[in-house]
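The following paragraphs lead the reader through a protein chain, from its sheets to its interior. Please keep the sequence and the model in view while reading.

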Amino acid sequence: MTSQKPYLIRAIHEWLLDNASTPYLLVNTDHEGVQVPTDFVRDNRIVLNIAPDAVRDLNISNDWLSFSARFAGKPMDIFIPIIAVQAIYSKENNEGMFFPEEDMPTPPPPPKTEPTTQSNANKSGSRPSLKVVK
């Protein structure tokens, strides 16, 4: 199945706008493919205002979020992989959604161990028995 994250970002964005809030986006700039103005990055994070009056051509696809905006008077195209979005929330009251860092590649499954079965546990051939414990 596809990730729920882009759908949630789109829904929260719409909800914030419907409630006259300013949508802010928190982005982890460590992810490959993030193109944001580096002058505004602090601790590998940047907060971006994605309100309609602050950006042009906002596009939130299932893989990328992109828009055009001005930073210190200079126009810039912003590209953010959805995996790099850590939160979308309201400037006014911090209502919104914060995403866990679970989007990192999943670790390989643990090595398979042979399950302990009755036949493995009791190789002597005698029947298992229960004892009453008082």
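In what order do the four strands of the open sheet lie, and in which sense do they pair? The order is 2-1-6-7, and the pairing is antiparallel. At the edges lie strand 2 and strand 7 (96-98), each of which pairs on one side only. From one strand to the next the twist averages 20°. Here strands (E, at least two residues) and helices (H or I, at least four residues) are DSSP runs numbered from the N terminus, and two strands pair if DSSP finds at least two bridges between them. Angles run from 0 to 180 degrees between N-to-C directions, the axes being lines fitted to C-alpha atoms, for helices over the stretch in contact.

The model is predicted: local features need pLDDT of at least 70 and side-chain atom pairs count only at pLDDT 80 or more, while totals for chains, interfaces and linings use all residues. Residues are numbered from 1 along each chain as its sequence is written, and side-chain values use heavy atoms, with hydrogens and water left out.

The chain as a whole contains two helices and seven strands, arranged along the sequence in the pattern α-β-β-β-β-β-β-β-α. Of its 134 residues, 33% are buried, where buried means under 20% relative accessible area, exposed over 50%, and partly exposed in between (1.4 Å probe, protein chains only). The accessible surface comes to about 9,800 Å², and carbon and sulfur atoms account for 53% of that area; accessible areas come from the Shrake-Rupley method with a 1.4 Å probe, and for residues only the protein chains shown count as cover. Among contacts (heavy atoms within 4.5 Å) between residues at least 6 apart in sequence, 52% join residues at least 24 apart.

Within the four-stranded sheet, three bridges join strand 6 to strand 7, and these two run antiparallel. Ile88 has Met97 in strand 7 as its bridge partner. Helix 1 packs on this sheet, where it touches strand 1, strand 6 and strand 7, and its direction makes about 15° with that of strand 6.

The same region shows residues that are distant in sequence lying side by side. Tyr24 belongs to strand 1; its C-alpha is 5.3 Å from that of Tyr89, although 65 residues separate the two in sequence. Beyond four places in sequence, the contacts of Tyr24 include Val47, Leu48, Asn49, Ala87 and Ile88. Thr22 lies in the loop between helix 1 (5-18) and strand 1 (23-28). Thr22 counts as buried because its relative accessible area is 17%. Residues touched by Thr22, again beyond four places in sequence, include Asn49, Ala51, Tyr89 and Ser90.

Ser90 is found in strand 6 (residues 85-90). Is this residue buried or exposed? Ser90 is buried, because its relative accessibility is 0%. Its side chain makes a polar contact with the side chain of Ser21 at 3.5 Å. A polar contact is a pair of N or O atoms within 3.5 Å; within protein, one must be able to donate a hydrogen and the other to accept it, and residues adjacent in sequence count only if both atoms are side-chain atoms.

A second open sheet has three strands in the order 3-4-5, also with antiparallel pairing. Its edge strands are strand 3 (56-60) and strand 5 (74-81), each pairing on one side only. Strand 3 is joined to strand 4 (residues 64-71) by three bridges, and a hairpin of three residues connects the two. Arg56 has Ser68 as its bridge partner in strand 4, and Ile60 has Leu65. Strand 4 and strand 5 pair over eight bridges, with Ser66 standing opposite Phe79 in strand 5. The hairpin of these two strands has two residues between them, and in it Ala72 takes a positive phi near 55°.

Why is strand 4 described as largely enclosed by the rest of the structure? Six of its eight residues are buried, so the strand is largely enclosed.

The interior completes the picture. The largest nonpolar core (buried Ala, Val, Leu, Ile, Met, Phe, Trp, Tyr and Cys residues joined through side-chain atoms within 4.5 Å) has 24 residues, of which Leu25, Leu48, Phe67 and Ile80 touch the most other members. Strand 4 gives the largest share of this core, four residues. Beyond four places in sequence, Leu48 touches residues including Leu25, Val36, Phe67, Phe71 and Ile80.
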